[in-house]
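Please open the structure in the viewer and keep the selection tool at hand. The tour moves from one selection to the next and says what is found at each stop.

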Amino acid sequence: MAKKNDSAKPKINNKKVNDLSKNTETGEGQFLTTNQGLKINDNQNSLKAGERGSTLLEDFILREKITHFDHERIPERIVHARGSAAHGFFQLYESIAQYTKAGFLNDTSVTTPVFVRFSTVAGSRGSSDLARDVRGFSVKFYTEQGNYDLVGNNMPVFFIQDAIKFPDLIHAVKPEPHNEIPQAASAHDTFWDFISLMPESMHMIMWAMSDRALPRSLRMMEGFGVHTFRLINENNKSVFVKFHWKPLLGIHSVVWDEAQKISGKDSDFHRRDLWEAIDKGAFPEWELGLQIVEEKDEFKFDFDLLDPTKLIPEELVPVKIIGKLTLNRNPDNFFAETEQVAFHPGHLVPGIDFTNDPLLQGRLFSYTDTQLSRLGSPNFHEIPINRPLSGVHNNQRDGHMRQTINTGNSYDPNTTSGGCPFQAKAVDGGFTSYNERIDERKIRGRSKSFFDHFSQATLFYNSQSEAEKNHLTDAFRFELSKVEAPAIRERMLGLISQVDKNLAMNIAVTLGISVPKTPKQPMNMSIPADGNVKKFQPVKVNSTLSSSAALSMASTIKNTIKTRQIAILAGNGVDDVSLTKMKTDLEAEGAVVKVIAAQLGYIKGISKMDIKVDLNFITASSVLFDAVYIPGGAKSIASLKQEPDVINFINEAYKHCKPIAADAEGAEMLQTSTEIGMHYKHGKNEIMQGIVLNGKSLDFIKAIAKHRFWEREKGNKIPA
Ligand code: HDE
């Protein structure tokens, strides 16, 4: 059996690697050709009538090249357009055959290749990674029984309860139709107008306004299947299941001020971070966890398992960890793999099935439909990244861009092909849907069990640490301050006050209005035209659970500094012995250390060591790092003190609550020339709120593992 704490060994997914390599074209050592294989003799000059003459239409080589170029773009995804992906594998820790017959969840000796794509939702392909947004977390498992796609998000609930509202939600959040503003941002009128009329979105809105919407790294966020699914075992017994991905690096975020600055300094921040980590062999890992609910317990909760705006608190149903996902290989070609991959929640394997969650049911139609226009043909399953390893044998034929050269007839039943391909019995791995009993009247409507829109929003808010609550309040303040229509702001305050009165009041102060006593009607537009809008009353269930530790990032693991980016600020005359020791100690713990100085090249230390400079102050910025260290050396410190970029660097690191270490003169500099000095009267050896003034690497490492020291935010306003 695979062990739980096996560290990531660089395993190679031979199956998918081999499969993809059949289609790889390196061009190495080859002559340049046209698409017809003709060797090209001149790729620098088009065919002309004389040296200065006009270009000839006859130049088929030029025409082919330009024509292909003209058609290089395909429509971007209608949502989740901005994404980054990687290859990897899934390793099961223990068989869960008692719940599911899915082969890849039964056999611990099987390593399943995967392709995982992370994304933001609202922005276009070229938008910033650091938008305040939900993140997509899609996993394609290339199993022996066919492709299984777990197409989830980094938040466990969703904005709406019924698929019919999805186009409205997306139209509201996308840039406004008249001027295409703002890009990749929810802070505008149409989004909040829609939300203010959709009380069912309040739980998700709390998540979206929380720090979960600003991940520090794609490698440091959770993933969720969101909907309740079914698992089915060999005896056709079914249980309900919620899927969770738990990152082994813990869950960490950045702050909003930082996110906005990163968007300018490096809008590929998450993409680069994922790429570089994998490139350097620091493979990101997540454990797969399941919350399992027996069928008999379907109605034991005070919410409906089919309602995608609800989660199952981990206190009620613990998450059972069953395996590990490791990403160990970057794509070879962004377009061929990351852009052309086609996920679909309906790509299932035997042993996994849907529930009647009305949001999930709507998704089942949408994904194939969108691939048809995005990838341009019903043959998108033949694109190498989408091809199942288990093989495709059916009678579907032809269409644009067909790759397979099928032989023989294409109908079933037949005798001409000996009856092939055959239907597979369940024992042969043939897929059968769960035989759930459905005996109902046709109705357009919603179950009353979906009508409590506030209890879990309050549960989420109550479960946040003080710092998380403050960030959430500030996020609402920012977003609603960007809203121009006063009526929208007011309606939102009405809704927020039903989640938490103080929260609403704290936001209202910034908006310069008061919280409406009676929320304005109409409040709930998710009821049909014939419904009586006036009768809508917010339903709130009095659950016994007042908070849930799993909902706060503050309670997740903080014991590693692997892959954290550490800045060392230095100049000529730096204490090179301290610098080298700190660098070595941090790197030994897996951190990535960069020396930053006024110029690129080398700086000379006091003991004459040449220290290589990785970045200069022109391109480096505090917001791109997790922590900063200022080694001693009088001359180096004197030069840093004169450098406004350095002072700003340190002040920003302080403002964003990042660990800062310094020794000797470095510590003095912090106290005399930066904002830190305004707030602390430190002794030289003090360690306080992540400020490590004794220069000891061990103390610095402990501080970096904690990620941020939010208590610094109290009362300290740093003008950085
Ligand atoms: Fe999606 N969604 N979605 N979605 N979704 C798409 O499919 C859709 C929903 C999610 O990395 C599209 O291939 C509808 C929930 C991810 O390629 C599209 C509804 C969740 C990705 C689509 C939902 C998701 C998508 C756009 C409501 C979390 C990126 C391009 C019924 C569980 C996949 C594409 C990737 C992508 C439709 C709701 C997650 C248009 C109609 C809930 C992670 O088909």
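Begin by selecting helix α14 (residues 576–588) and helix α19 (residues 697–706), whose axes come within 10 Å and cross at roughly 45°. Axes here are lines fitted to C-alpha atoms, for helices over the stretch in contact, and angles run from 0 to 180 degrees between N-to-C directions. Helices (H or I, at least four residues) and strands (E, at least two) are DSSP runs, numbered from the N terminus. The two helices α14 and α19 are therefore oblique to each other; angles under 35 degrees count as roughly parallel, over 145 as roughly antiparallel, 65 to 115 as roughly perpendicular and the rest as oblique. The crossing of α14 past α19 is right-handed, a crossing being left-handed if the near helix is turned anticlockwise from the far one by less than a right angle, and right-handed if clockwise.

Next, display the side chains of Lys-581, Met-582, Asp-585 and Leu-586 in α14, which meet Ser-697, Phe-700, Ile-701 and Ile-704 in α19. Contact means heavy atoms within 4.5 Å. By class, this contact of α14 with α19 has 5 nonpolar, 1 polar and 2 charged residues. Ala, Val, Leu, Ile, Met, Phe, Trp, Tyr, Cys and Pro count as nonpolar, Asp, Glu, Lys and Arg as charged, and the others, Gly among them, as polar.

A note on the model is due here: it is predicted, local features need pLDDT of at least 70, side-chain atom pairs count only at pLDDT 80 or more, and totals for chains, interfaces and linings use all residues. Residues are numbered from 1 along each chain as its sequence is written, and side-chain values use heavy atoms, with hydrogens and water left out.

Now select α16 (residues 644–655) and α17 (residues 665–673), which pack at an angle of about 90° with their axes 11 Å apart. The helices α16 and α17 are therefore roughly perpendicular to each other. Val-646, Ile-647 and Ile-650 of α16 make the contact with Met-669, Leu-670 and Ser-673 of α17. That contact of α16 with α17 comprises 5 nonpolar residues, 1 polar and no charged.

For a third pair, select α4 (residues 189–196) and α12 (residues 486–499): their axes come within 9 Å and cross at roughly 40°. This makes α4 oblique to α12. Their crossing is left-handed.

Turn to the ligand. Which residues are closest to the ligand? Of the 24 residues that surround the ligand, the closest are Arg-77, Arg-117, Ser-366, Tyr-367 and Gln-371; a residue is near a molecule if one of its heavy atoms lies within 4 Å of it. The shell's largest share, 6 residues, comes from α9. Measuring distances in the viewer, one may look for an oxygen atom of the ligand 2.8 Å from an N or O atom in the side chain of Arg-77. A polar side-chain atom of Tyr-367 lies 2.7 Å from a nitrogen atom of the ligand.

Finally, visit the backbone. The peptide bond from Asp-412 to Pro-413 is cis, with omega near 5°, and Pro-413 is in the loop between α9 and α10 (455–462). Another cis peptide bond joins Cys-420 and Pro-421, with omega about -10°. Select Lys-608 last: its phi is near 70°, a positive value in a residue other than glycine.

Terms used: A polar contact is a pair of N or O atoms within 3.5 Å; within protein, one must be able to donate a hydrogen and the other to accept it, and residues adjacent in sequence count only if both atoms are side-chain atoms.
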